[in-house]
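Grab a viewer and a scratch pad. Here are some exercises to work through by hand before you peek at the solutions.

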Amino acid sequence: MDNNRYDQGMATRRAVLGDAHVDRAEAAKTDMDLAFQGLITEGAWGTVWSSDGIAQRERSMLTLALLAALGNFDEIPMHIRATARTGASKQDVIEAFQHVAIYAGVPRANHALKLAKQTYAEMEAETSTAKA
């Protein structure tokens with residue numbers, strides 16, 4: 001394991017997904033997925049998401065579009081929540097899913113948009129509850 005890349009990955013992961021999410025994921029690690037968690041922390045977060053080649057906003061848009069285009073819907077809510085930290089707006093997400101509709105299919109874009117709407121509604125409800 002590359003400790004520098006792992007540490008950078010963990011810092012980026014926390015910055016994008018938030019401490020609460022990462023803390024839950026870390027607490028759920030077992031011997032079975034320890035190597036996998038290290039791989040994604042170093043590769044996805046320590047290399048790809050930590051690169052300064054493009055901004056986090058654009059990474060969010062790309063990630064959401066790719067998840068939708070490939071039908072990997074389980075991670076869309078997590079990455080919608082991440083937009084609060086990456087700077088990708090609701091309009092950015094809509095634009096990304098419109099590209100998915102044209103280049104990868106309307107049903108996938110439609111389902112991704114449904115998940116985004118649900119997740120944004122949850123986020124707004126959580127914000128309202130926290131303010132009360």
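The exercises below go from helix pairs to single residues.

This is a predicted model, so to speak of local features a pLDDT of at least 70 is needed, side-chain atom pairs count only at pLDDT 80 or more, and totals for chains, interfaces and linings use all residues. Residues are numbered from 1 along each chain as its sequence is written, and side-chain values use heavy atoms, with hydrogens and water left out.

**Exercise 1.** Work out how α1 and α2 are oriented to each other, and which residues meet.

Solution. Start with the elements: helices are DSSP runs of H or I with at least four residues, numbered from the N terminus. Here α1 covers residues 3-17 and α2 covers residues 19-27. Next, the geometry: their axes come within 6 Å and cross at roughly 125 degrees. Axes are lines fitted to C-alpha atoms over the stretch in contact, and angles run from 0 to 180 degrees between N-to-C directions. Now classify: under 35 degrees is roughly parallel, over 145 roughly antiparallel, 65 to 115 roughly perpendicular, and the rest oblique. The pair α1 and α2 is therefore oblique. Finally, list the contacts (heavy atoms within 4.5 Å): Tyr6, Met10, Arg13, Arg14 and Leu17 of α1 meet Asp19, His21, Val22, Asp23, Ala25 and Glu26 of α2. By class, that gives five nonpolar, one polar and five charged residues. Nonpolar takes in Ala, Val, Leu, Ile, Met, Phe, Trp, Tyr, Cys and Pro, charged takes in Asp, Glu, Lys and Arg, and the others, Gly among them, are polar.

**Exercise 2.** Do the same for α1 and α3, and sort the contact by class.

Solution. Helix α3 spans residues 34-48, and it packs against α1 at about 75 degrees with the axes 7 Å apart. The two are therefore roughly perpendicular. On the α1 side the contact includes Arg5, Tyr6 and Gln8, and on the α3 side it includes Gln37, Gly38 and Trp45. Sorting the residues gives five nonpolar, eight polar and three charged.

**Exercise 3.** Find the orientation and the handedness of the α6 and α7 pair.

Solution. Take α6 as residues 90-103 and α7 as residues 106-131; their axes come within 8 Å and cross at roughly 165 degrees. That makes them roughly antiparallel. As for handedness, the crossing is right-handed, where right-handed means the near helix is turned clockwise from the far one by less than a right angle, and left-handed means anticlockwise. Lys90, Val93, Phe97, Val100 and Ala101 do the touching from α6, with partners in α7 including Val106, Arg108 and Tyr120. The contact of α6 with α7 splits into ten nonpolar, no polar and three charged residues.

**Exercise 4.** Decide whether threonine 83 is buried or exposed, then trace its contacts.

Solution. Threonine 83 sits in α5, residues 76-86. Its relative accessible area is 5%, so threonine 83 is buried; the cut-offs are under 20% for buried, over 50% for exposed and partly exposed in between, with a 1.4 Å probe and protein chains only. Its side chain reaches the backbone oxygen of isoleucine 80 at 2.5 Å. Beyond four places in sequence, threonine 83 is in contact with Ser60, Leu64, Ala88, Val93 and Tyr120.

**Exercise 5.** Place alanine 68, aspartate 2 and tyrosine 103 on the accessibility scale.

Solution. Alanine 68, in α4 (residues 56-69), is buried at 0% relative accessible area. Leaving out residues up to four places away, alanine 68 touches Phe73, Ile76, Phe97, Val100, Arg108 and Ala112. Aspartate 2 belongs to the segment before α1 and is partly exposed at 33%. Tyrosine 103, in α6, is exposed at 68%.

Note on methods:
Polar contact = N/O pair within 3.5 Å; in protein donor to acceptor, adjacent residues only side chain to side chain.
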